[in-house]
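Student: Could you take me through one part of this structure closely? I would like to look at the pocket, and then at how the rest of the chain is arranged.

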Amino acid sequence: MRHALALADRAEREDDEIPVGAVLVSAEGKVLGEGWNRNISECDPSAHAEIVALRRAGAAIGNHRLLGTTLYVTLEPCAMCAMAMIHARVARVVFGARDPKTGAAGSVFDLLADPRHNHRVDVVGGVLGDDAGARLTAYFRRKRGKPA
C-alpha cells in the first residue's frame, strides 16, 4: 500500500491528477502493473489508477486474466474499476480510503461481493486509509482554494 501511496503522490505532483495510485501484485509478490489516475491528462474517463495498473499488468503477462493477483489501491474502487477487476479475475483488492460517494466495494455498492457474478473479489478496506484520505482532502482543498 505504501507503494500505491507513492504513486498517488506522483499523480498529483507530476500530472496534477487526483492522487490515487494502484499496484497489481502476483501471488508470489511480483509487481505486474502499476499506475495512477490519468483520466484528466489523457482525456480518458476510464484511465483511473486501477484500470491503468490492470492494463499494464495484462500487457506484461500477455493475458487479460489476472488470476491470483492482489490489487492495492489508495481509494475504494468505483463501479467501473470494480467490474474490471471481476472481468480480469483479480483475487483480492486492498484499498485505503473509503469513498462514500461512489465506492463499489461496500460503501455505496458492493459489486465485488455480489453473488450474481461468476467471480468475486476478496476485499480488505481501510489499509492506511487515513494517509490516503488526507492526500485526497488536501488535493481538493487546494483545488477549491481552501486552507489546509
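Tutor: Here is a walk from the pocket out to the whole chain and on to a few single residues.

Keep in mind that this is a predicted model. Begin with the largest pocket. Its volume is about 600 Å³. What lines this pocket? The lining is made up of 20 residues. Nearest the centre of the pocket lie L75, D99, T102, L136 and F140. Find those five on the structure to place the pocket.

Now look at the helices around it. Two helices, α2 (49-61) and α4 (129-143), each give at least two residues to the lining. The largest share comes from α4, with four residues. What is the chemical character of the lining? Eight of its residues are nonpolar, six are polar and six are charged.

Step back to the chain. How many helices and strands does the chain have? There are four helices and five strands. Read from the N terminus, the order is α-β-β-α-β-α-β-β-α. The radius of gyration is 14 Å, close to the 15 Å given by the globule rule for 148 residues, so the chain is as compact as a globular protein of that length. Along the principal axes, the C-alpha atoms fill a box of roughly 45 × 30 × 25 Å.

Next, ask what is covered and what is not. Of the 148 residues, 47% count as buried. The accessible surface of the chain is about 7500 Å². Carbon and sulfur atoms hold 53% of that surface. Contacts tell you about the fold too. Take the contacts with a separation of 6 or more: 55% of them join residues 24 or more positions apart.

Strand β3 is a good place to see such contacts. T74 sits in this strand, which covers residues 70-75. Is T74 buried or exposed? T74 counts as buried, because its relative accessibility is 1% and the cut-off is under 20%. Leave out residues up to four places away in sequence, and T74 still touches M1, A4, L5, A8, P19, V20, G21, G96, A97 and A132.

Strand β1 offers another buried residue. V25 belongs to β1, and its relative accessible area is 13%. Which residues does V25 contact beyond four places in sequence? They are K30, V31, L32, T69, T70 and Y72. Compare V25 with K143 for a sense of distance. These two are 118 residues apart in sequence, and their C-alpha atoms are 32 Å apart in space.

Finish with two loop residues. D16 lies in the loop between α1 (2-15) and β1 (21-25). Its phi is near 55°, a positive value in a residue other than glycine. R89 also has a positive phi, near 65°, and is likewise not a glycine. R89 is found in the loop between α3 (79-88) and β4 (92-97).

How covered are these two? D16 has a relative accessible area of 31%. That falls between the cut-offs of 20% and 50%, so D16 is partly exposed. R89 has 18%, which is under 20%, so R89 counts as buried.

Definitions and conventions:
Residues are numbered from 1 along each chain as its sequence is written. This is a predicted model: local features need pLDDT of at least 70, side-chain atom pairs count only at pLDDT 80 or more; totals for chains, interfaces and linings use all residues. Side-chain values use heavy atoms; hydrogens and water are left out. On a 1 Å grid over the protein atoms alone, a cavity is a set of points where a 1.4 Å probe fits but cannot get out, and a pocket is an open set with protein on both sides within 12 Å along at least five of seven lines; lining residues have an atom within 4 Å of a point. Grid points are joined across faces, edges and corners, and a volume is the space filled by probe spheres set on the points. Ala, Val, Leu, Ile, Met, Phe, Trp, Tyr, Cys and Pro count as nonpolar, Asp, Glu, Lys and Arg as charged, and the others, Gly among them, as polar. The radius of gyration is taken over C-alpha atoms; the globule rule is 2.2 Å times the number of residues to the power 0.38. Buried means under 20% relative accessible area, exposed over 50%, partly exposed in between (1.4 Å probe, protein chains only). Contact means heavy atoms within 4.5 Å. Accessible areas come from the Shrake-Rupley method with a 1.4 Å probe; for residues, only the protein chains shown count as cover.
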